[in-house]
Amino acid sequence: MLGIVKAKGAVLVDEHGKEYIDGISSWYTSVYGHCNDAIISKVYAQMQQLDQVVFSGFTHEPAIALSEALISLLPQNQQKLFFSDNGSTATEIGIKMALQYHHNLGKKRSVLLAFEDGFHGDTFGAMSVSGLSVYNGPFEDYFIDVKRIPVPTEDNLGSLLHELENTMDLDAVAGFIYEPLVQGAAAMKMHKAEHLEIILKVIKSHGVLAIADEVMTGFGKTGRHFASDHMTEKPDIICMSKALTAGMLPMAVTSCTQKVYDAFYSDDIAKGLFHGHTYTANPLACAAALAGIELLTSEEIQKNIGRIIQWHQEFDAEIKDHPKVAATRQTGIIYALDLDVVMERYGNVRDKLFQHFMGSGVFLRPLGNTIYISAPYIITKDEMQRIYVSIREVLEKF
């Protein structure tokens, strides 16, 4: 374990004084840079006013202001918000919403639909719908009932639609949870918006709720505020965390449509969604999220996102035909390449890759033979070029 003692902008500093460019925004969170002065000032001001209060029977101005800001940022069909404290919990709540929605309407729907190789978190419901057994193996005997489908492609779309319409009992499915456009833990596996849109239309025509896990993709990474913004068919539920609070403090939000909310609105207390956490809607985290949204919607950050997209495109044009590169892909500021090398997801060769990057002052975490970049929006061109140089070195060494 390496001790990190300081961070600023796109740079991490370890206990020995060595600097590393944070090429993955510390797991997609610190998208506006570490220790951002604008965010710090907002959190500090809030800290002097109200630090924490239970969000049950009480509310407060930061939560109200954030709710209004999020509703204006989210797809228009999202009308209600449920606060929690991390990404796994955001998806857990989305799953519970979908199951209880049908239960409250007197319908028996106990199955969930999910993509193969998806990852939605480490709590039990989130693990159940995640397809990466490397993380979930010991617990699989205890999971809820999940049907899995492959990510849609040009080649499999016809057979996938046939399966959904003819061989799968969608009337027993409560919800379809998916990472829109990019499956992060599946080594940045990407699919097209037009293909996903067709899937969403089919499942929604059968009354299945669409649950978009935007924990990783949300807040600008795909080139729009949310990956769901790339489609006209919108989800019924959206799960958010990570960049929500700009990497400053932990918090999560699960949003839903008015239709979903109305199924829980009743004088019958048993129809309520019984879920809560001590730090739900923490005022400091709300202040950080508000500051983050101000930055995201600023002209400067939007231009920065556009620049990063262009830098990746230029880099891709240079290296995509390299004999050591098996494939490349990009969605927004997320760029990934697969090395033409056989290796385990976590093994000696992968570890050598990681050590190469760290040795060159670049923090990247390869997933098997996949190298990906999801850098902060404030990264400079020189810093990004250092990442590219380190990747070029890998292509010559491995």
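In this predicted model, the mean positions of the chain's 34 positive and 48 negative charges sit just 2 Å apart. The accessible surface adds up to about 17,300 Å², and carbon and sulfur atoms account for 52% of that area.

Now for the overall fold. The chain carries 13 helices and 16 strands. A compact globule of 398 residues would be expected to have a radius of gyration near 21 Å, and the chain comes in at 21 Å, so the value agrees with that picture. Measuring tape along the principal axes would read about 65 × 55 × 40 Å for the C-alpha trace. As for burial, 54% of the 398 residues count as buried. Taking contacts between residues at least 6 apart in sequence, 71% link residues that are at least 24 apart.

Helix α12 is worth a look of its own. Spanning residues 348–359, α12 has 12 residues and runs 16 Å from its first C-alpha to its last, close to the 16 Å expected at 1.5 Å a residue. Its buried residues are R350, L353, F354, H356, F357 and M358. These buried residues of α12 pack against a mixed set of elements: the strands β3 (19–22), β14 (334–339), β15 (362–363) and β16 (370–373), plus the helix α13 (381–397). Right after α12 ends, G361 adopts a positive phi of about 80 degrees.

Key: Residues numbered from 1 in each chain as written. Predicted model: local features only at pLDDT ≥ 70, side-chain atom pairs only at ≥ 80, totals over all residues. Heavy atoms only, no water. Helix = DSSP H or I, 4+ residues; strand = E, 2+ residues; numbered from the N terminus. Rg over C-alpha atoms; globule rule 2.2 N^0.38 Å. Buried < 20%, exposed > 50% of the residue type's maximum accessible area, 1.4 Å probe, protein only. Contact = heavy atoms within 4.5 Å. Areas by Shrake-Rupley, 256 points an atom, 1.4 Å probe, with all protein chains shown as cover. Lys, Arg positive; Asp, Glu negative; His and termini not counted. Charge placed at Lys NZ, Arg CZ, Asp CG, Glu CD. Expected span 1.5 Å × (residues − 1).
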